[in-house]
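Student: Please take me through one part of this structure closely. Then show me how the rest fits around that part.

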Amino acid sequence: MFENVIDGIFSAVFVAAILRVTTPILLPSLGALISEKAGVLNIGLEGMMLSAAFTGVVVSAYSQDWFGFETGVAIGPWLGLLLGVCVSLLLSFVLALFHLDLKGDLFLSGIALNIFGSSATVAIMFELTGDRGNTSTLASLQMPFIQLPEFIRDIPLIGGFFFDVFDNQSMMTWVAFIAVFIVSIVLYRTPFGMHLRAVGENPEAAASVGINVKRIRYYALLISGFFAGLGGIHISMGYLQLFQRDMTNGRGFIALVTPSLGGGTPIGAMIASSIFGFFDALGIRIGSLEIPSQLPQSIPYFATVLALVIYALQRRISQRVSEMRTASGAGFDAAFWGSIQRISILHMLLMMVAVIGAVTSGAILSAPNGFGGAEAAAPAGLIIGAASIILFLIGLPFVRNIFSIRENWRASALVTIVSLGIYLTLFLMLFFQPLLALVIGLVLSAAVWFMIGGRVLMRGA
Amino acid sequence: MRFKRKGEQPDSAPDVSFLRKHLLLIVGGAAGIIVTLFMMNTLFDGSLEKMTGTTDWANILLVNALVGACIFLFVVELKRGAIRVLLTVVVALLLGFLVTFIFNLDSADRFGRGEFRVQVVSDAEPTENDEVDLQFNKRRGGEFNKPNVVAPVSEIAWTFAGRGGDVVSLLAYAKNRRSDVDLLVELRDASGAVLAAATSASETQVDETFDDLVSVKDAVIAGYELPADGVYTLYARPEEIATGTVLSEALSQSQLAFEALLLGPIERVNRWGVWIQDAITLILLGMSFAIVFRAQQFSLGAEGQLYFGALVSGIIALNSPNIPGIILIPFIILASGTAGFIYGLIPGALKAYLGANELVSTLMLNVVATRFFEMVLNFQLKPPDAGYVASAKFTENAVLPVIVDKTQVTVAVFLLVVVVLLSWLLIRRTPLGYEIRIIGSNLRFADYGGVNSRRTIMLVMAIGGIVAGLAGMHLANGIHRQLILNISFALAFEGVVVALLARLNVLVVPFTGLLYAYLRAGAQFMERDANVSFEVVRMIQAIIILLITAEALVTFFQARQKRADIDEEGHTVESLEAADMN
């Protein structure tokens with residue numbers, strides 16, 4: 001049973017699914033990134049996505065009436081895309097107007113737009129179809145899928161895999177991943193991008209050199225509305241062909257976190273979105289196991305909270321290290337502190353897994369009927385819980401104080417290697433005998449520790 | 001000439017100063033009493049016998065008096081700000097009316113579709129002709145512009161045969177009272193020339209001459225003498241709908257809808273109960289947000305805290321069927337508050353000690369809490385034979401005692417009064433409250449002044465959690481009396497509006513909660529009575545938030561008053577605003 005899931009995870013189909021479910025997180029993430037860079041984080045992404053998704057569905061459905069069936073089917077999706085994005089832009093303009101000109105609170109205006117998007121779509125849907133759940137009575141259309149040319153399959157080694165992953169993906173998926181690079185170029189290689197970042201980092205300084213702060217922020221909010229609109233269109237027209245009430249399902253909020261998790265760069269946001277996509281796709285695939293669907297569904301959200309914590313801690317450590325660099329001047333050992341920082345991240349990630357383990361055990365213990373009855377679930381839950389808490393506690397000193405990684409590097413190494421080794425062993429047990437898995441797991445984790453900084457620590461000590 | 005002591009009022013105008021000093025109290029008190037009386041009057045149609053005949057009328061009066069007290073507090077606390085809040089609500093309602101109007105623009109369409117019948121009435125001898133569509137005095141019908149069909153019928157032209165000198169009456173009418181179609185009818189000869197036409201029937205025709213007619217919207221060509229033998233055509237279709245009709249129909253439908261919205265909740269006692277019980281939850285949630293926002297912490301965790309409060313109180317209720325209510329209910333209240341406290345502590349600690357963004361963390365924790373609630377409900381609490389996901393009904397001892405018969409207005413009313421008083425004490429009269437206010441107005445200043453801001457931030461989010469947990473308890477043990485999926489229906493966001501409308505003033509939250517719950521209850525009746533979607537009220541809500549936060553709108557409108565304010569009272573609008581916020 002587990003083997004089936006693991007096989008599924010490492011198949012091209014699964015990777016394709018990750019790309020598909022990453023798209024509606026990635027597009028608004030880019031919007032959030034740009035607005036955040038300009039210092040006006042767009043909280044209203046969710047409402048804008050919903051409005052665009054709904055408009056796209058309605059326009060594409062009605063265009064068949066307006067222009068006749070043939071023409072309607074041909075131009076419907078494009079018209080839906082266009083008007084959906086326009087509606088999203090309009091909402092972001094309202095947000096910008098209320099925040100920048102009428103001095104409204106950005107956060108609360110954003111919430112207002114989310115409420116508006118959620119309610120207006122349902123109200124209009126009710127008027128049009130008499131249904132308040134979804135638009136299944138409307139014959140809405142879909143964005144085109146892109147077929148790859150057959151010869152790609154014949155490329156040796158990677159061709160088949162590559163073809164299976166990228167063939168028959170929605171156009172919007174391609175748009176999303178290409179947009180990452182466009183946004184990268186715009187942010188870091190154009191005057192506009194530089195102004196935008198300057199405005200976000202220090203508005204007064206930017207204003208003092210003659211940048212029109214308000215105008216840049218207007219643009220930033222409009223661009224974020226544009227990406228939110230694209231994301232919304234993908235949700236209702238990219239893979240499905242209907243609109244459901246509140247179908248964005250919190251993606252607009254997840255998108256607010258991914259830029260920070262990705263270190264504030266488009267590529268980083270893409271990687272962070274893919275991690276969420278992975279969890280999303282995993283939640284769908286894991287449905288074949290006998291565990292309550294609520295558990296895998298909630299893990300991405302839980303992981304976001306933990307990731308926020310890691311991000312906050314990491315920012316603090318970087319600040320500390322850079323202070324030390326300023327203080328100690330030429331004597332600063334950059335490589336050494338760099339490896340300390342990397343090892344501290346590893347510590348945090350391991351603790352994050354431990355917390356997720358503890359939560360899982362809590363879920364098992366509080367609803368044993370979902371995990372095959374009280375008798376089977378209770379021991380498993382207790383073991384997972386105890387192990388997670390122990391792994392969490394032994395990691396805690398090194399996260400609380402990164403200097404202890406330097407002072408007690410042997411203990412730190414032991415903790416990382418053992419924790420990581422246990423997780424890897426659990427995973428490898430699916431393929432090998434338990435003992436062999438343990439050996440391979442420990443060797444692998446030692447290698448990881450050595451590569452990311454252990455060698456520097458050993459030399460330094 | 002005598003000396004005036006310091007602080008003594010000048011003798012010349014003691015009455016005026018008394019009035020000025022207590023104007024707010026008088027206005028507020030009068031408004032409160034008037035509203036209380038108005039509500040009692042509407043509820044019982046102004047008859048005292050009806051009132052005293054109702055069970056628990058004294059409790060209804062008590063609750064309505066509390067509503068009046070909320071209005072009093074609202075006026076006294078917000079002063080001029082009260083006008084702004086009311087104006088905002090009125091503007092938002094007007095915009096909502098506009099939306100309803102636009103949605104109702106299609107309500108005149110019903111005149112253009114529906115089932116109909118046509119008939120050629122004549123006393124003359126029928127002709128023997130099977131080629132034609134209609135025979136004398138035989139009804140034939142169909143449906144015009146039927147929705148959701150490929151080729152709807154938009155007009156008919158049916159033939160009949162007649163001889164010269166036959167006197168015929170052509171009828172086109174709605175099939176029954178369910179069909180609102182407004183018809184016109186024409187008599188055409190074989191070449192297609194129109195011989196006679198009619199759009200509406202007269203009252204006498206409807207009432208006396210022709211039994212089949214339903215209303216004056218039907219069309220009749222009465223007593224026409226056919227000029228010659230031959231085949232004639234009866235042509236009928238729905239009348240063109242005039243723009244005026246469209247507008248007036250939309251207007252009257254919108255008026256109907258808004259009447260249900262604005263007066264619906266106080267028409268009958270059971271509807272009134274829907275309003276009050278909803279208001280209790282909303283006020284608790286609004287209070288939670290008001291406390292947290294006061295420290296400038298944009299935590300939206302109330303939803304998750306509500307779920308945890310409901311879960312804990314539900315589990316206790318399900319597992320203690322034999323404990324008397326007088327012990328059990330206080331215990332449930334404490335437990336749900338504690339659950340909310342703990343679930344509020346998590347994002348509080350993350351924000352205070354690690355700097356994790358509270359907005360995102362609370363939103364994520366909300367989803368985690370919801371899923372956890374669903375999982376426990378689904379796999380642990382649901383009775384094995386239950387057809388849908390819900391726990392068993394709570395036993396009587398675990399349900400909050402009802403104080404008004406036939407409603408779910410419970411002792412939570414008194415709990416609410418206590419919560420409001422305690423929140424007020426906390427914010428205004430304790431050192432912690434002082435620290436919360438300082439942190440809210442200037443975090444750096446608070447740090448500089450020696451406030452332990454981390455501890456305070458953590459605590460304020462946890463305290464907000466207590467109140468949200470109580471809201472969950474009220475939903476579980478007061479309203480639903482069992483645990484159900486989606487127990488909150490995203491109420492938490494509505495709590496944000498309540499807190500904002502009250503300008504984060506805990507004494508005003510009860511009023512704004514009542515106001516907003518009133519709109520929500522009204523929206524339910526609007527949907528039921530006038531077929532306008534409930535979501536219109538959530539759109540109104542969004543507009544309220546936008547308007548209330550847009551500070552520049554206020555400065556724009558108050559700019560003209562500014563000078564007068566300085567002259568009269570010696571301080572500016574800004575200082576008044578600052579005073580309001582305290």
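**The sheet of chain B, and the contact of the two chains**

Tutor: Start with the sheet in this predicted model. It is an open sheet of four strands in chain B, in the order 3-8-5-6, and the pairing is antiparallel. Strand 3 (156-162) and strand 6 of chain B are the edge strands, each pairing on one side only. Ignoring direction, neighbouring strands of this sheet are turned by 20° against each other on average.

Take the strand 3 edge. Strand 3 of chain B runs antiparallel to strand 8 (residues 230-238) of chain B, and seven bridges join them. Here is a residue pair to display: B:Trp158 has B:Leu234 in strand 8 of chain B as its bridge partner.

Now go to the other edge. Strand 5 (residues 183-188) and strand 6 (residues 194-198) of chain B are antiparallel and joined by four bridges. B:Val185 stands opposite B:Ala198 of strand 6 of chain B. Strands 5 and 6 of chain B form a hairpin with five residues between the strands. In that hairpin, B:Gly192 takes a positive phi near 100°. Two general points help in reading such a sheet. Strands pair through backbone hydrogen bonds, parallel or antiparallel. In a regular strand, side chains alternate between the two faces of the sheet.

Next, the contact of the chains. Chain B gives 39 residues and chain A gives 43 residues. On the chain B side, helix 9 (325-354), helix 10 (358-381), helix 15 (491-501), helix 17 (535-549) and helix 18 (551-569) each supply at least two residues. Helix 10 of chain B has the largest share of that side, 15 residues. By type, the chain B side divides into 26 nonpolar, eight polar and five charged residues.

Helix 10 of chain B deserves a closer view. Helix 13 (residues 294-328) of chain A packs with helix 10 of chain B at about 155°, their axes 9 Å apart. The cut-off for roughly antiparallel is over 145 degrees. Helix 13 of chain A and helix 10 of chain B are therefore roughly antiparallel to each other. Their crossing is left-handed. From helix 13 of chain A, the contact residues include A:Gln294, A:Leu295, A:Tyr301, A:Phe302 and A:Leu308. From helix 10 of chain B, they include B:Val360, B:Met364, B:Arg371, B:Phe372 and B:Glu374. This helix contact divides into 12 nonpolar, five polar and two charged residues.

Now turn to chain A itself. Its secondary structure comes to 18 helices and two strands. The radius of gyration of chain A is 25 Å, close to the 23 Å from the globule rule for 461 residues, so chain A is as compact as a globular protein of that length. Its C-alpha trace spans about 75 × 60 × 50 Å along the principal axes.

One helix pair within chain A completes the tour. Helix 3 (residues 45-66) and helix 5 (residues 106-129) of chain A have axes that come within 6 Å and cross at roughly 20°. Angles under 35 degrees count as roughly parallel. Helix 3 and helix 5 of chain A are therefore roughly parallel to each other. Helix 3 of chain A passes helix 5 of chain A in a left-handed crossing. Among the helix 3 residues that meet helix 5 of chain A are A:Glu46, A:Gly47, A:Leu50, A:Phe54 and A:Val58. Helix 5 of chain A contributes residues including A:Leu113, A:Phe116, A:Gly117, A:Ala120 and A:Met125. That contact divides into nine nonpolar, six polar and one charged.

Terms used
Residues numbered from 1 in each chain as written. Chains lettered and ligands numbered in written order. Predicted model: local features only at pLDDT ≥ 70, side-chain atom pairs only at ≥ 80, totals over all residues. Pairing = 2+ DSSP bridges. Contact = placed C-beta atoms within 7 Å. Nonpolar A, V, L, I, M, F, W, Y, C, P; charged D, E, K, R; others polar. Axes fitted to C-alpha atoms, helices over the stretch in contact; angles between N-to-C directions. Parallel < 35°, antiparallel > 145°, perpendicular 65-115°, else oblique. Left-handed = near helix turned anticlockwise from the far one by under 90°. Rg over C-alpha atoms; globule rule 2.2 N^0.38 Å.
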